[in-house]
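Please open the structure in a viewer and keep the selection tool at hand. The tour below proceeds from one selection to the next.

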Amino acid sequence: MDPTQSRRIGLYGTGRAATKLVSAIAASPHTLTTAIVFFDEQAGRDIGSLTGGPAVGVTATTDLEGAIRSGEFEVMAYAGLKGEVLYQAIDLCVDAGVDLVHACFVHPRVTFDLELYTRWHTRAEETGARVVGTGMLPGFWLDVLPALLSSALPSPVSIIGESRSDITLWGRGVLVDEMGLGTPATPDQPGPMSGVLHESAAMIADVLGLTGYETHVEGGFVIAEAATEVIGIEVSPGDRVGFDQAAVMVHDGRERVRIAWKGLPQGSFEGYERSMSVTAIGGDGSACTLKITPAPDPYPGTAARIVHAVGAFGSLPGGLHTPVQLGI
């Protein structure tokens, strides 16, 4: 597939990622033909207006199934949350032969149980539908980039990646509703990024050709030691104020993959700043390190990865894929 070829896109969602997608699609070779929303009161309105911009001439509908089966678009750009609607969208797309790109996860064989993965993958092979997740927030930086970097050094390669995020940039809704910031910590409760980090580490392990490895996730929520306020959220001593986690893959007694992600409110912790680093270590001891200052707002990057994927499916067969399988 020519990456400059225009494809017709159906967009699901009205949140921050969808807002960035509307403008990103407009600036791409592709065409937004359909918009699907969740709330009845949003139906019948222009998706451009719904996402805070100018009208784009695409009227929103709540009929997810009807939209996917309409033939009006070839690719769905899913900008909603994980859960029932995402599962419904995948089910409908693989049945209708419609490609789907989302940012909810990166490794379908880790995310789904075997029965569900096999059913969807088999049906997608039959219809030609391709489903791929581009990853949330650090996304590319903690999975695709380390996987690509591994090809620069002699085997056996080990990967160390670390991201430090300023969570105040994520918005109050995410911090309160999804992370429970400002609520008391529960003993032994897993941190919020366990699944995301496990998926990224497993994808890198696949690229490194590792099998039979041991995997575990370290860390969890960061607990406030003193009272503070994070974008209007009151945090008391003993409450959740962030997270600090790492996914680790051990193969033949050696740590081969370590992907760490720390998220705290910058300004509340002295010396804490946003940063990103990825190090690949070759079998001969050589090493390559990239240090990046991530963009303050992660949502334009999320939209960019989704739009890139729309034109990067290339010659991939139908099925559920990881983003390292996409064309560059």
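The tour covers the internal cavities and then a series of salt bridges. Please bear in mind throughout that the model is predicted.

**First stop: the largest cavity**

The structure holds two cavities of 30 Å³ or more. Select M136, G139, D143, V196 and S200, which lie nearest the centre of the largest cavity. This cavity contains about 50 Å³ of space, and 11 residues line it. By class, the lining comprises seven nonpolar residues, three polar ones and one charged one. Which helix gives the largest share of this lining? Display helix α9, residues 194-208: three residues of the lining come from this helix.

**Second stop: the second largest cavity**

Next, select C104, F105, V106, G135, M136, V196, E199 and S200, which line the second largest cavity. Its volume is about 40 Å³. Five nonpolar, two polar and one charged residues make up the lining. M136, V196 and S200 belong to the lining of the largest cavity and also to that of the second largest, and these residues may therefore be kept on display from the previous stop.**Third stop: R69 and D95**

The count of salt bridges comes to 15. Begin with the side chains of R69 and D95, which meet at 3.2 Å, N to O. R69 lies in the loop between α3 (64-68) and β4 (75-78), and D95 lies in helix α4 (residues 84-96), so the salt bridge ties together parts that are 26 residues apart in sequence. R69 is partly exposed, at 42% relative accessibility, and D95 is partly exposed as well, with a relative accessible area of 32%.

**Fourth stop: R109 and D206**

Now select R109 and D206, a salt bridge in which the closest N and O atoms are 3.2 Å apart. This pair links distant parts of the chain, with R109 in helix α5 (residues 108-111) and D206 in helix α9, 97 residues apart. Are the two residues buried or partly exposed? R109 is partly exposed, with a relative accessible area of 48%, and D206 is partly exposed, with 33%.

**Fifth stop: E115, R119 and a network**

Select E115 and R119, whose closest N and O atoms are 3.5 Å apart in a salt bridge. Both residues belong to helix α6 (residues 114-127); because they are four residues apart, about one helical turn separates them. R119 counts as partly exposed at 41% relative accessibility. Finally, select E65, R69, D95, R123 and E126, which are joined into one network by salt bridges that share partners.

Terms used. Residues are numbered from 1 along each chain as its sequence is written. This is a predicted model: local features need pLDDT of at least 70, side-chain atom pairs count only at pLDDT 80 or more; totals for chains, interfaces and linings use all residues. Side-chain values use heavy atoms; hydrogens and water are left out. On a 1 Å grid over the protein atoms alone, a cavity is a set of points where a 1.4 Å probe fits but cannot get out, and a pocket is an open set with protein on both sides within 12 Å along at least five of seven lines; lining residues have an atom within 4 Å of a point. Grid points are joined across faces, edges and corners, and a volume is the space filled by probe spheres set on the points. Helices (H or I, at least four residues) and strands (E, at least two) are DSSP runs, numbered from the N terminus. Ala, Val, Leu, Ile, Met, Phe, Trp, Tyr, Cys and Pro count as nonpolar, Asp, Glu, Lys and Arg as charged, and the others, Gly among them, as polar. A salt bridge is a side-chain nitrogen of Lys or Arg within 4 Å of a carboxyl oxygen of Asp or Glu. Buried means under 20% relative accessible area, exposed over 50%, partly exposed in between (1.4 Å probe, protein chains only).
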